[in-house]
Amino acid sequence: MAITYVGSTSNSGNNPLTGDFTLPGGWAVNDVAIALWFKIEPAVFTAPLGLTQRHDVSTAGRGQVYAAHRVLQSGDTTFAWAATTVTNATTLWGAVVYRGVDTVTPFDLTEAAPAAYANTATPNPPAVTTVTNGAFVIAIAGDNKEAATAAITPPTNYTIAIDIASTAGDDGSLGVAHREITTAGLEDPGTFSATGWAAADDGYVWTFALRPASAVSDAQEWMNRSSIPQRRIVRHVSY
């Protein structure tokens, strides 16, 4: 089963102490949501209930990245987070939802944690090696010094999913992009860029991959459901 992009939401603010990850319209049960939060300076982050944390890393002068996922269930709406105050710390966050992801093993590999970068206008997310054909590689760049003044340009052959910039606080930008990798193997996304980013900029980059639900798994699930014994209802009639 191929992975497809459902939609995304994003938001920003100047040092917000609370907020919500909200889901885009059109999501369905068993879709997989990826929640991402980027603050231009480290804070103490209180994660939402119901999400499975993937990473929470920070470096002074580079920022902080929180990432988590959830296999969506009926009744899901928003996921509330909180953070301690940091003066003028621009904060950007959002959620991206995908369909056709393996709900048991959503991630195709054990990737490195988000990595800090320094002094570049073209942040370069690290390469990863996928192990499953059809995996979706997702690349992320968070700039902690500049708000992009035009659309963020994703790596070549990637499609942008989140493109957000804010001058609330000391400025920041967050770009998230994805690409299906038809044949498993080494994938080096390449660089993000944006008008307004400068050679002295710092921030964070990250790359990970989602695993597609396999045709074998889908067929087995159908067989399991089909093989559930059916109860016979016998009606007794008295005369």
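**Exercise 1. A salt bridge and its surroundings**

Task: In this predicted model, Glu187 forms a salt bridge with Arg179; state how far apart the closest N and O atoms are, and decide for Glu187 whether the residue counts as buried or exposed.

Solution. Step one is the distance: the closest N and O atoms of Glu187 and Arg179 are 3.4 Å apart, and the cut-off for a salt bridge is 4 Å. Step two is the accessibility of each partner, for which the limit for buried is under 20% relative accessible area and the limit for exposed is over 50%. Glu187, at 9% relative accessibility, therefore counts as buried, whereas Arg179, with a relative accessible area of 27%, is partly exposed. Step three places salt bridges in a wider setting: those that share partners join Arg62, Lys145 and Asp202 into one network, and the structure holds seven salt bridges.

**Exercise 2. Links between distant parts of the chain**

Task: Determine which parts of the chain are linked by the salt bridge of Arg99 and Asp31, and explain why the pair Arg211 and Asp108 ties together parts that are separated in sequence.

Solution. Begin with Arg99 and Asp31, whose side chains meet in a salt bridge at 2.8 Å, N to O. Arg99 belongs to strand 8, while Asp31 sits in the loop between strand 2 (18-22) and strand 3 (32-39), so that this pair, 68 residues apart, links distant parts of the chain. With regard to accessibility, Arg99 counts as partly exposed at 29%, and Asp31 counts as buried at 2%.

Turn next to Arg211 and Asp108, which form a salt bridge with their closest N and O atoms 2.8 Å apart. Because Arg211 lies in the loop between strand 15 and helix 1 (215-226), and Asp108 in the loop between strand 8 and strand 9, the pair ties together parts that are 103 residues apart in sequence. Arg211 counts as partly exposed, its relative accessibility being 21%.

**Exercise 3. The environment of Asp108**

Task: For Asp108, found in the loop between strand 8 (90-99) and strand 9, establish which backbone nitrogen the side chain reaches and which residues are in contact with Asp108 once its neighbours within four places in sequence are left aside.

Solution. First, Asp108 has a relative accessibility of 2% and therefore counts as buried. Second, the side chain of Asp108 reaches the backbone nitrogen of Val131 at 2.7 Å. Third, with neighbours within four places in sequence left aside, Asp108 is in contact with Thr130, Val131, Thr132, Ala135, Ala209, Leu210 and Arg211; in this list Arg211 is also the salt-bridge partner of Asp108.

**Exercise 4. Two open sheets**

Task: Give the strand order of the open sheet of five strands and of the open sheet of three strands, and identify the edge strands in each.

Solution. As a starting point, the chain has one helix and 15 strands. The sheet of five strands has the order 9-15-11-13-12, with antiparallel pairing. Its edge strands, each of which pairs on one side only, are strand 9 (115-117) and strand 12 (159-166). Neighbouring strands of this sheet are turned by 15 degrees against each other on average, with direction ignored. At one edge, strand 9 pairs with strand 15 (residues 203-210) in the antiparallel sense over three bridges, and Ala116 stands opposite Tyr204 in strand 15.

The sheet of three strands has the order 2-7-4, also with antiparallel pairing. Here the edge strands are strand 2 and strand 4 (45-46). Strand 2 is joined to strand 7 (residues 78-83) by five bridges, the two running antiparallel, and the bridge partner of Phe21 is Phe79 in strand 7.

**Exercise 5. Nonpolar cores**

Task: Find how many residues the largest nonpolar core has and which elements give two or more residues to this core.

Solution. The largest nonpolar core has 29 residues, and those with the most contacts inside it are Tyr98, Ile140, Val176, Phe208 and Leu210. The elements that give two or more residues to this core are strand 3, strand 6 (63-71), strand 8, strand 11 (135-143), strand 12, strand 13 (172-181) and strand 15. Apart from this core lies another, of 16 residues, among them Val128, Ala141, Tyr158 and Ile181.

For Phe208, leaving aside neighbours within four places in sequence, the contacts are Ile34, Phe107, Glu111, Phe136, Val137, Ile138 and Ile140. As a final step at the level of the chain, buried residues make up 46% of the 239 residues, and among contacts between residues at least 6 apart in sequence, 81% join residues at least 24 apart.

Key. Residues numbered from 1 in each chain as written. Predicted model: local features only at pLDDT ≥ 70, side-chain atom pairs only at ≥ 80, totals over all residues. Heavy atoms only, no water. Pairing = 2+ DSSP bridges. Helix = DSSP H or I, 4+ residues; strand = E, 2+ residues; numbered from the N terminus. Axes fitted to C-alpha atoms, helices over the stretch in contact; angles between N-to-C directions. Buried < 20%, exposed > 50% of the residue type's maximum accessible area, 1.4 Å probe, protein only. Polar contact = N/O pair within 3.5 Å; in protein donor to acceptor, adjacent residues only side chain to side chain. Contact = heavy atoms within 4.5 Å. Core = buried A, V, L, I, M, F, W, Y, C linked by side-chain atoms within 4.5 Å.
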